[in-house]
Amino acid sequence: MLAIAVLLAVPYLVDLPRIQALIATNASQALGRPVKFRSMSVAVLPLPAVELHDVEIAEDPQFGTEPFLRLDRGVIRLKLWPLFTGRMELGDISLKKPRITVITLRDGRMNIATLGGAGETRPAARAPRGGAQSAAGASAAVLGSRVRIDDGVVTYVARGAGEARTRYHAEDLDLTIAGTGSQMTFKGEALVKPGDVSVKVSDGIIALSGARSLMDSALRATVTVDGKDITELAKAAAGDKATIGGGIKGTLAVAGTVGSPNAAGDLEVSRLTVTQVNPQCPEPKRRTLAIPAIRMNAVYGDGRLTGRPLTTSIGNGTITTAVQVTLDGGVRVQMADLGIKALPLDKVLVDFLCQGYAVTGPMDLTGALAFTATDVWNTLSGPGQLRIGPGKVVGSQALALVGGVVRLGGAVSSLLSAELPRNLGNSPLEFDSIAGTYQVANGVVTTRDLLYTSRAMKVAVAGDYALGSGRMNLDMVVTTGRSELKAKVTGTSASPSIRVLPSAVLGDPKSVEKGLGDLLRRLR
């Protein structure tokens, strides 16, 4: 009966204006941001509580004017036992469907880093009547209470050059924070979107003792990632020029500080697919490259994801590298210690890319690469060396070129006929090897020693080729036994310009140039 009497008396015991001022002042001091709410009410059942309506936590002015947090309803429990003695103490806090915006500026600063900062010094609010605790005690109670977020939404926005761009957001956020004194514990889960990647946090601890602010507090937690499809998430990060699908799974150990966390653990992307529509492919135009799995020991920190090593396979070929992905200001990928062994080029160049110059055969490659995910061909950079073969030239444009060589009866045929085998037109595609070194800078490939070797001839290539535009500046030397032909190729692959060096021509130079020009125009 005493308990019932106390419950019935709760609305009369709580001085709403004073408790409203107390909560607003202490929350503002604790967060370092102004906190306001439209109204407050008292609920008796199932337990005594104060309900806040239309709550807003202000944004740091250097990040904008929109609120950092919006909340339709917040519930602060009142501890029951102190009510029996005429005192009022705050208990658990429940935030229903909060909407939080996390902002990162181009220089790396984040709006959450100023939470808990020193605010304007204010006099402590007067305690509510009935022996309620002091403002300082209430502030400690607010910080030390059990806080639960139900069905929250966190939106991440990256800002650069004055333009805001939403990268992703976490929905269905359920998070519980508890603790007093020197540390806080937390656990929770959310669904990262675009896409459906489940993220669970367990064993979370924030050590508060000795830290100047919450952002400087030491952090420790375990994060589990599990997603059946990363298609939409990959599109948000890398653009929509190609569709990247697959599942992701992994467990990461989180450390560092609240303001600068890092994570390390094992990640696996399974059933990875890269799909794109390629106009130069025969039907079907839509082609997909399938990769069984990508595995890596991942380390994340300072906006960078590093995989050492990253391993994967295509067919019987293997790929290993140390990859670093920079996420701030656009996705930038760096691949060091790149090693490719016996990669079947037909699956990539023929079945997926439908390259007019495609070759088959196993490829071995070592080197390094770097590129921006949204514009690979114009940003690709890095050195390397490769060897392909034995294999065949199978691209349709290359077939047209070789067929033209066989059919031509002019100066080119007469020049080479003494050295070429009679069955060149029947089996022109076989080669022993294609080997050389290269340097790529912003999508322009430079080589000085690329060598094509077959039983019929050797072709040495030196010069530049732009991957994005097809512009080229190449010196070619064709050797067949004792004969040698030198040519200069400029222009683009769609509109080449060929000049045969007179000193290398055995016969009429103009006729040879015309013959080679006719052949290279078949590459369009």
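Q: In this predicted model, which residue lies over the face of F68, and at what distance from the ring centre?
A: A charge counts as sitting over a ring if CZ of Arg is within 6 Å of the ring centre and within 35 degrees of the ring normal. Here R33 occupies that position over F68, 5.3 Å from the ring centre.

Q: How is a pair of aromatic rings described?
A: Two quantities are used: the distance of the centres and the angle of the planes. A search of the whole structure finds one such pair. F431 and Y452 form it, with 5.7 Å centre to centre and 45 degrees between the planes, and the arrangement is tilted.

Q: Which parts of the chain does the pair of F431 and Y452 tie together?
A: F431 belongs to strand β20 (residues 430-431) and Y452 to strand β22 (residues 444-453), so the contact ties together parts 21 residues apart in sequence.

Q: Are F431 and Y452 buried or exposed?
A: Both F431 and Y452 are buried.

Q: What is a disulfide, and how many does a search of the whole structure find?
A: A disulfide is a covalent bond between the sulfur atoms of two cysteines. The search finds one. C281 and C354 form this link, with their sulfur atoms 1.9 Å apart. The link is right-handed, with 100 degrees about the S-S bond.

Q: Where do C281 and C354 lie?
A: C281 is in the loop between β12 (261-277) and β13 (286-301), and C354 is in the loop between α6 (345-350) and β17 (362-372), so the disulfide ties together parts 73 residues apart in sequence.

Q: Why does C281 count as buried, and why does C354?
A: Buried means under 20% relative accessible area. C281 qualifies because its relative accessibility is 1%, and C354 qualifies because its value is 11%.

Notes:
Residues are numbered from 1 along each chain as its sequence is written. This is a predicted model: local features need pLDDT of at least 70, side-chain atom pairs count only at pLDDT 80 or more; totals for chains, interfaces and linings use all residues. Side-chain values use heavy atoms; hydrogens and water are left out. A disulfide is a pair of cysteine sulfur atoms within 2.5 Å. Helices (H or I, at least four residues) and strands (E, at least two) are DSSP runs, numbered from the N terminus. Buried means under 20% relative accessible area, exposed over 50%, partly exposed in between (1.4 Å probe, protein chains only). Rings of Phe, Tyr and Trp (its six-membered ring) pair if their centres lie within 6.5 Å; planes under 30 degrees apart count as stacked, over 60 as edge-to-face and the rest as tilted.
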